[in-house]
Amino acid sequence: MQSEPKAKKKRGDSKISSIVWAIKNLWQLDKAFVFFVAAAIPLGVVMPLAGSWFSKELIDSIGAGTPFADLAALVLIFVLAFILLELAQSYLNSKCQGRRYYVTSVHQMRVNAIERYETDYENTEKQDFRELQGYMWNDACHGDCSVEFVWQNLRDALVHLAGIVTYTSLLLVLNPLILIVVTIVSLGTYFTTRWQPLYYEKNKQKWEKEIRKKDYLRALSENFSRAKDIRLYALEGWLDKMMRDYQAYILMWNKRCNLRGLLAAVLAGLMTLVQNGVAYLVLIGTLLAGDITVGEFVFYFSLTGSIGGFLQGIIRDVANLNTRAEKIAYAREFYRYPTRFNHGEGCALPKAPVTIELKDVWYRYDGAEDYTLKGVNLVITGGENLALVGMNGAGKTTLIKLICGMYTPTKGEILVGGRKISEYNIEEYYSLISAVFQEIHAIAFTFFEFVASSDLERPGAREAAIAAMKAAGIYDKIHALPNGIDTHLMQGIYDDGVDLSGGEMQKLVLARAIYKDGAILVLDEPTAALDPIAENNLYQQYKSLTAGKTSIYISHRFASTHFCDRIVLLENGVITESGTHEELMQRGGQYAYMFGVQSQYYKEGEVHA
């Protein structure tokens with residue numbers, strides 16, 4: 001059913017460096033949190049030792065015939081001391097537990113910011129980036145976040161280490177054999193503890209892609225805009241079967257992992273049984289020989305159990321820290337995933353009108369075998385209105401995304417205002433672009449907020465937004481609503497929320513681009529959802545909308561190309577024709593042929609069913 005995935009890429013960070021990185025992050029985020037964690041360590045050692053010592057003293061005192069009043073005083077002192085220790089430990093634990101979620105919240109917000117706003121847009125479409133993000137986000141949001149919960153493993157490891165040093169020095173005085181057996185059993189615990197996590201890490205890439213597919217199907221099924229298609233085309237059975245198949249595959253691997261965890265727990269229990277049996281035999285023999293008292297028997301046996309627990313604990317902690325480090329390595333690699341655009345200080349932005357030059361530009365999508373664009377050379381002079389036409393898949397939208405700073409050329413370079421795009425701060429560069437893309441997504445803002453989102457604080461923002469809506473032909477629709485431009489988009493989110501038709505939404509997005517007033521105007525199929533009258537109105541306003549701007553117009557409707565200064569035809573990623581509409585028609589090439597095919601459907605008297 002599933003193809004065998006590639007071998008898992010080995011992380012470049014060592015486990016120790018990843019743990020150190022996590023500690024530094026904890027310290028930088030919350031120094032008090034680190035203090036509370038450290039303060040809990042000595043209490044973790046002293047409390048079990050105090051309990052063992054009290055049992056020894058009480059039993060030996062009873063055996064020696066100590067008066068009841070003295071026994072009562074001993075018990076009272078211990079109870080009071082233990083209450084104080086318990087209160088101190090509870091206080092420190094409550095402080096740690098209360099502050100730990102802050103670390104995860106900051107981590108999750110940082111990840112979200114990188115994925116959605118900070119990293120190059122191109123990265124979000126790359127397979128390895130999405131794989132990293134999937135591994136790391138799964139750890140950050142489902143279960144114990146390694147960047148947060150690493151403190152628990154570190155604290156426990158230090159408690160166990162301090163306990164081993166303290167208790168071993170006491171037990172060695174009695175009999176080294178017990179310590180040897182405890183050590184052997186504890187070493188075995190390491191392998192049983194690591195068995196399941198190692199198996200999980202080794203094989204998780206086998207189901208990671210299936211999880212992404214399952215999540216996509218779930219999101220698809222929850223998307224109300226897709227409900228019509230699902231019902232009309234009876235897709236629910238097909239979607240349900242796919243979901244069940246993916247879920248069954250994931251559950252199969254979960255069962256395999258859980259089975260190893262169960263077997264590891266059984267083996268660990270058997271080894272603990274052997275450890276306690278040896279301890280009993282040695283201590284009983286020592287007691288019968290008269291070398292220890294009954295109280296010391298209880299004390300030493302308690303020490304044996306404690307040392308065994310500490311040894312197994314620290315080995316388990318090391319195993320857990322190994323697992324944590326492997327997960328933290330994903331976060332570190334995600335945080336430093338390379339970006340090609342300049343997110344730092346850049347050169348000054350050019351003044352309008354802006355000239356754009358593409359020099360031998362090639363582009364190949366991540367994982368693709370062939371180039372989408374192949375050696376494109378193109379100069380768009382400042383203030384020029386350029387129409388970009390061609391068949392689907394010719395590379396038009398790819399070229400636009402390169403100019404907009406969404407992608408970087410695989411080969412070649414793009415100059416905007418005489419400078420490479422990489423020389424500008426990319427966030428500042430985006431301010432040059434007013435774009436209307438094919439994909440339109442509503443956001444639950446008010447109409448004013450949606451249109452003016454590029455600069456809500458601009459002086460006269462509301463008046464400018466209204467003017468943009470009027471220019472786009474959507475203002476009358478919005479003005480007629482009860483709350484006018486303060487009405488919210490999208491039903492079901494706000495009480496006054498409304499949904500727009502596809503054509504109305506396209507006008508609203510056009511209004512947003514007009515309001516932004518960027519030096520470069522990009523219109524990618526801006527009339528695809530418009531009715532003929534609205535489309536004609538846009539054509540009539542095109543010259544005024546693009547005045548002083550460099551504009552690029554993509555359309556499959558060749559009638560729109562009349563309004564542009566120049567037309568460029570892309571075929572299979574290569575520019576094959578360039579010129580005005582009249583020049584290309586006289587040439588009689590592919591453009592003339594495609595224009596003729598479309599125009600025959602609009603000739604008077606011809607109706608094609």
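Biologist: How many bridges pair strand 1 with strand 2, and in which sense do the two strands pair?

Modeller: In this predicted model, strand 1 and strand 2 are joined by five bridges and pair in the antiparallel sense. One pairing can be picked out by residue: valine 361 has valine 376, in strand 2, as its bridge partner.

Biologist: Where is aspartate 370 found with respect to these strands?

Modeller: Aspartate 370 belongs to the loop that links strand 1 (356-363) to strand 2 (373-380). Its side chain makes a polar contact of 3.4 Å with the side chain of lysine 374.

Biologist: Is aspartate 370 buried, partly exposed or exposed?

Modeller: The label follows from relative accessible area, where the partly exposed class lies between the buried limit of 20% and the exposed limit of 50%. Aspartate 370 has a value of 48%, so it is partly exposed.

Biologist: In what order do the strands of the open sheet lie?

Modeller: The sheet has four strands in the order 2-1-4-5, with antiparallel pairing. Strand 2 and strand 5 (419-420) are at its edges; each has a single partner strand, so one side of each has no neighbour in the sheet.

Biologist: Which helix lies across strand 1, strand 2 and strand 4?

Modeller: That is helix 11, residues 396-403. Its direction is at about 120° to strand 1, and the strand 4 that it crosses spans residues 411-416.

Biologist: What should be read from strand 9, and is it buried or exposed?

Modeller: One reads a strand's burial residue by residue. Strand 9 covers residues 566-571, and five of its six residues are buried, so the strand is largely enclosed by the rest of the structure.

Biologist: Which strands pair with strand 9, and in what sense?

Modeller: Strand 3 (residues 385-390) pairs with strand 9 in the parallel sense over five bridges. Within that region, leucine 386 stands opposite arginine 566 of strand 9. Strand 10 (residues 574-579) runs antiparallel to strand 9, and five bridges join these two strands. There, isoleucine 575 in strand 10 is the bridge partner of leucine 570.

Biologist: How many residues lie between strand 9 and strand 10, and which turn residue has a positive phi?

Modeller: The two strands form a hairpin with two residues between them. Asparagine 572, in the turn, has a positive phi of about 55°.

Biologist: Turning to the helices, where is phenylalanine 299, and which residues does it contact?

Modeller: Phenylalanine 299 is placed in helix 10, residues 294-335. With neighbours within four places in sequence left aside, phenylalanine 299 is in contact with Leu49, Ser52, Trp53, Lys56 and Leu170. Serine 52 is 247 residues away in sequence, yet the C-alpha to C-alpha distance is 5.4 Å. The relative accessible area of phenylalanine 299 is 10%, under the 20% limit, so this residue is buried.

Biologist: How many disulfides does the structure hold, and are cysteine 347 and cysteine 564 buried or exposed?

Modeller: The structure holds zero disulfides. Cysteine 347 counts as buried at 15% relative accessibility, and cysteine 564 is buried at a relative accessible area of 10%.

Biologist: What describes the protein as a whole?

Modeller: The protein has 19 helices and ten strands. Of its 609 residues, 43% are buried. About 31,500 Å² is exposed, with carbon and sulfur atoms supplying 59% of that area. Of the contacts between residues at least 6 apart in sequence, 76% join residues at least 24 apart.

Terms used
Residues numbered from 1 in each chain as written. Predicted model: local features only at pLDDT ≥ 70, side-chain atom pairs only at ≥ 80, totals over all residues. Heavy atoms only, no water. Buried < 20%, exposed > 50% of the residue type's maximum accessible area, 1.4 Å probe, protein only. Polar contact = N/O pair within 3.5 Å; in protein donor to acceptor, adjacent residues only side chain to side chain. Contact = heavy atoms within 4.5 Å. Areas by Shrake-Rupley, 256 points an atom, 1.4 Å probe, with all protein chains shown as cover. Disulfide = S-S within 2.5 Å. Pairing = 2+ DSSP bridges. Axes fitted to C-alpha atoms, helices over the stretch in contact; angles between N-to-C directions.
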